[in-house]
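User: I should like to learn how to read the features of a structure that is new to me. Would you please guide me through one?

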Amino acid sequence: MLSLAHLPGFPAAKTPVPSPSLRPVPAWKRPLDTALVLLGLTATWPLFLAIAIAVRLSGPGPVFFVQTRIGRGGRPFGMIKFRSMHADAEARRAALLAASDREGLCFKSRHDPRITPVGRILRRLSLDELPQLFNVLRGEMSLVGPRPALPEEVAAYPQTALERLTVLPGITGLWQVSGRAEVGFDEMVRMDLTYARDNRLTRDLAILARTFRAVVSGRGAY
């Protein structure tokens, strides 16, 4: 059996980024995440297979894209996605930063030339995020929480934004169900801190329910 700890391409752990004192993970969070992820993987494995074939046929490059992100406590981990960009996307990123369509630190472009045709469909439906279910099983992420940021983004954070790192990052969260890339950085931080300071089971369930509507609408997905 393939161990999740040995998935190919996962970056090695590095020195954690300093962050405020960690908030405890609620006792209900891990059991809920694990149960829902296992149900989801059981139900969606044919979709995983179909997406993997489509990505492989979309052009040169691996099926999965693994990128270093900053998790709870400032600890780096390898966040896994279906590849939605051309193989040289990371090398071309610096040249596109000035063309960001999103206010604040986090780069987003509506017409990013690095995205493949298949990748645009995956992003529109948020299907490129599905492999992060394995990050949840590994305990690096939760289904609900602040989106994990890139190391260079965290390095530029104002002090208040570091509080995002006190809780587990998530696949979905208040930011995702409120407009995703249409929400500016400062407003995203405000939403994430609201979640971090009042992390309840009912809130997670409500966000999960709203996520389906957000995915169908495609608002802010690019």
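Analyst: Let us begin just after helix α1, where G59 follows with a positive phi near 145°. Helices (H or I, at least four residues) and strands (E, at least two) are DSSP runs, numbered from the N terminus. The model is predicted: local features need pLDDT of at least 70 and side-chain atom pairs 80 or more, while totals for chains, interfaces and linings use all residues. Residues are numbered from 1 along each chain as its sequence is written, and side-chain values use heavy atoms, without hydrogens and water.

User: By about how much does α1 bend at T44?

Analyst: The bend at a residue is the angle between axes fitted to the seven residues ending there and the seven starting there. At T44 the angle is about 60°, and the proline P46 follows within four residues.

User: Which residues of α1 are buried?

Analyst: Buried means under 20% relative accessible area, exposed over 50%, and partly exposed in between (1.4 Å probe, protein chains only). The buried residues of α1 include L41, F48, I51, A52 and V55. By contrast, W45, also found in α1, is exposed at 55% relative accessible area.

User: How should a pair of aromatic rings be read?

Analyst: Such a pair is described by the distance of the centres and the angle of the planes. Rings of Phe, Tyr and Trp (its six-membered ring) pair if their centres lie within 6.5 Å; planes under 30 degrees apart count as stacked, over 60 as edge-to-face and the rest as tilted.

User: How many aromatic pairs does this rule give?

Analyst: The count comes to 4 aromatic pairs. One of them joins F48 and F82, with 5.6 Å centre to centre and 55° between the planes, and is tilted. F48 lies in helix α1 (residues 29-57) and F82 in strand β2 (residues 76-82), so the pair ties together parts that are 34 residues apart in sequence. F48 is buried at 11% relative accessibility, and F82 is buried at 1%.

User: Why is the pair of Y157 and F185 tilted?

Analyst: The ring centres of Y157 and F185 are 5.6 Å apart and the planes stand at 45°, so this pair counts as tilted. Y157 is in the loop between α5 (151-155) and β4 (170-172), and F185 is in helix α6 (residues 185-197), 28 residues apart. Y157 is buried at 9% relative accessibility, as is F185 at 4%.

User: Which residues form one aromatic cluster?

Analyst: The cluster is made of F48, F64, F82 and F134.
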